[in-house]
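Here is a walk through one protein model, starting from a single side chain and working outwards. Have the viewer open and follow along.

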Amino acid sequence: MNNFKKIGLTALAGSLVATSVYAGEMSVAGSASFNMKNFSNVNDQDGRKMSMGNQLTFTGGGEMDNGMNVSLSFILDQGDDGPATVSDATLDARGDTSPFDSHSISVGSDAMGTITFAGEGASAAVDTIDTTAAGDIWNNTFTYTAPTSAAGDEKTLLWALPTFVEGLDAKVSYTGARADRDSDVSYALTYTGIEGASISYGFGSTGGTDAAEGGDVTVMKASFAFGPVSAGMSINDYGSGSGITAQEQSSYKISYSVSDDLSISYGSETHETTGADFDQEFSAISVAYTTGGMTISASQTEAENATTSGNEESLWNLGLSFAF
């Protein structure tokens with residue numbers, strides 16, 4: 001009798017899976033790049049270094065019989081599964097050098113919006129807009145400790161709300177409690193209802209515990225485009241908490257499109273830390289030429305007071321990337 005029950009349940013489950021999707025498709029997008037960098041006093045690095053990047057993104061989805069849409073995203077990116085500060089030997093021992101990177105599943109409809117759950121690469125709502133206007137110049141191997149963010153993890157649900165005001169994009173996220181952090185809620189709003197303009201505001205928390213208070217994270221940013229010229233500014237404020245020092249990142253960027261293929265930009269970031277005697281300053285000038293799926297780029301990046309007052313670091317980068 002048990003065998004017949006198992007067969008019946010298996011057949012029922014198979015029929016449900018077979019008829020649950022009305023129409024679906026899979027697609028693959030890829031990118032590859034080659035970079036040459038020259039370091040000058042950057043995190044004890046000097047001289048030229050070459051590197052390459054490669055990534056494949058698999059996406060698929062379909063509409064179910066009830067009108068809801070289900071989609072899957074899966075990224076293959078060799079060696080991107082562990083932080084750069086961890087040695088290859090340690091990553092090998094932990095099994096973190098597998099090519100499997102960010103992956104997520106999304107369920108949604110026009111009426112309910114879209115809910116996304118990520119097995120890896122999850123983002124709290126405020127993290128979806130917290131890149132500085134200049135593009136996180138500080139994150140270029142400079143000797144700099146990033147502020148504690150509201151980063152999501154494998155317990156984060158991100159809900160993109162349905163459109164209820166034209167031009168307004170709203171996201172809310174919930175991150176469940178874990179060993180070192182309490183649960184927290186985050187949100188982000190972006191308004192694009194004015195032609196050529198984008199205005200964003202987000203709020204979240206680093207997540208505290210019963211014994212230690214977490215810090216608030218607030219992001220404000222805006223960008224405007226006037227013909228070939230675009231400009232953006234942002235302020236990221238990281239409030240203090242137990243073991244967390246308050247920091248503020250202010251940034252701006254100006255870009256000029258010489259043509260449809262050629263663009264030039266300049267960006268700057270200033271990072272202020274409570275109690276510090278100096279501010280950390282980062283700047284970058286870059287040029288990019290795109291033709292078809294190929295982009296040629298060059299940039300010069302500078303950092304002042306990255307570690308101590310008067311400390312200077314710099315690097316230039318030449319890049320060639322392909323999208324297919």
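A polar atom in the side chain of Glu-269 sits 2.7 Å from the backbone nitrogen of Ile-137. Keep in mind that this is a predicted model, and the distance is read from its coordinates. The same Glu-269 side chain also has a polar contact with the side chain of His-271, at 3.3 Å. Glu-269 belongs to strand S13, which covers residues 262-273.

So what about a charged partner for Glu-269: how far away is the nearest side chain of opposite charge? That side chain is Lys-253, 9.3 Å away. A salt bridge needs a side-chain nitrogen of Lys or Arg within 4 Å of a carboxyl oxygen, so Glu-269 is buried without one. Leaving out neighbours within four places in sequence, the contacts of Glu-269 include Thr-132, Ala-134, Gly-135, Asp-136, Ile-137 and Trp-138. Also among them are Ser-250 and Ser-251, along with Gln-280, Glu-281 and Phe-282.

Pick Asp-136 out of that list, and look at its backbone. Asp-136 is not a glycine, yet its phi is positive, about 55°. That is worth a glance because most residues other than glycine have a negative phi. Asp-136 lies in the loop that runs between strand S5 (113-120) and strand S6 (156-160). Is Asp-136 buried or exposed? Its relative accessibility is 18%, so Asp-136 counts as buried.

Some contacts of Glu-269, among them Ala-134, Ile-137, Trp-138 and Phe-282, take us to the nonpolar interior. Ala-134, Ile-137, Trp-138 and Phe-282 are part of the largest nonpolar core, which has 11 residues. The rest of this core is Phe-39, Val-42, Phe-142, Ala-284, Ala-303, Ala-306 and Leu-315. Strand S1 (21-42) and strand S14 (280-291) are the elements that supply two or more residues to it. A second core, separate from this one, has 8 residues, including Val-126, Leu-158, Ala-188 and Val-217.

Next, try Asn-236 in strand S11, residues 229-238. With 0% relative accessibility, Asn-236 counts as buried. A polar atom of the Asn-236 side chain lies 2.7 Å from the backbone oxygen of Asp-130. Beyond residues up to four places away in sequence, Asn-236 touches Asp-130, Thr-132, Thr-218, Val-219, Gln-247, Glu-248 and Gln-249. Thr-132 is also among the contacts of Glu-269.

How many salt bridges does a search of the whole structure find? The count is 1. Lys-171 pairs with Asp-169 in a salt bridge, with 2.7 Å between the closest N and O atoms. Lys-171 counts as partly exposed, at 21% relative accessibility, and Asp-169 is partly exposed as well, at 33%.

Now go to Leu-320 in strand S16, residues 312-323. Leu-320 and Met-36 are 284 residues apart along the chain, but their C-alpha atoms are separated by 9.1 Å. Among the residues Leu-320 touches are Ala-32, Ser-33 and Phe-34, together with Met-294, Thr-295 and Ile-296. Leu-320 itself is partly exposed, with a relative accessible area of 27%.

Finally, zoom out. The protein chain has 2 helices and 16 strands. Of its 324 residues, 31% count as buried. Taking contacts between residues at least 6 apart in sequence, 48% join residues at least 24 apart. The accessible surface comes to about 18500 Å², and 57% of that belongs to carbon and sulfur atoms.

Note on methods: Residues are numbered from 1 along each chain as its sequence is written. This is a predicted model: local features need pLDDT of at least 70, side-chain atom pairs count only at pLDDT 80 or more; totals for chains, interfaces and linings use all residues. Side-chain values use heavy atoms; hydrogens and water are left out. Helices (H or I, at least four residues) and strands (E, at least two) are DSSP runs, numbered from the N terminus. Buried means under 20% relative accessible area, exposed over 50%, partly exposed in between (1.4 Å probe, protein chains only). Lys and Arg count as positive and Asp and Glu as negative; His and the chain ends are not counted. A polar contact is a pair of N or O atoms within 3.5 Å; within protein, one must be able to donate a hydrogen and the other to accept it, and residues adjacent in sequence count only if both atoms are side-chain atoms. Contact means heavy atoms within 4.5 Å. Accessible areas come from the Shrake-Rupley method with a 1.4 Å probe; for residues, only the protein chains shown count as cover. A nonpolar core is a set of buried Ala, Val, Leu, Ile, Met, Phe, Trp, Tyr and Cys residues joined through side-chain atoms within 4.5 Å.
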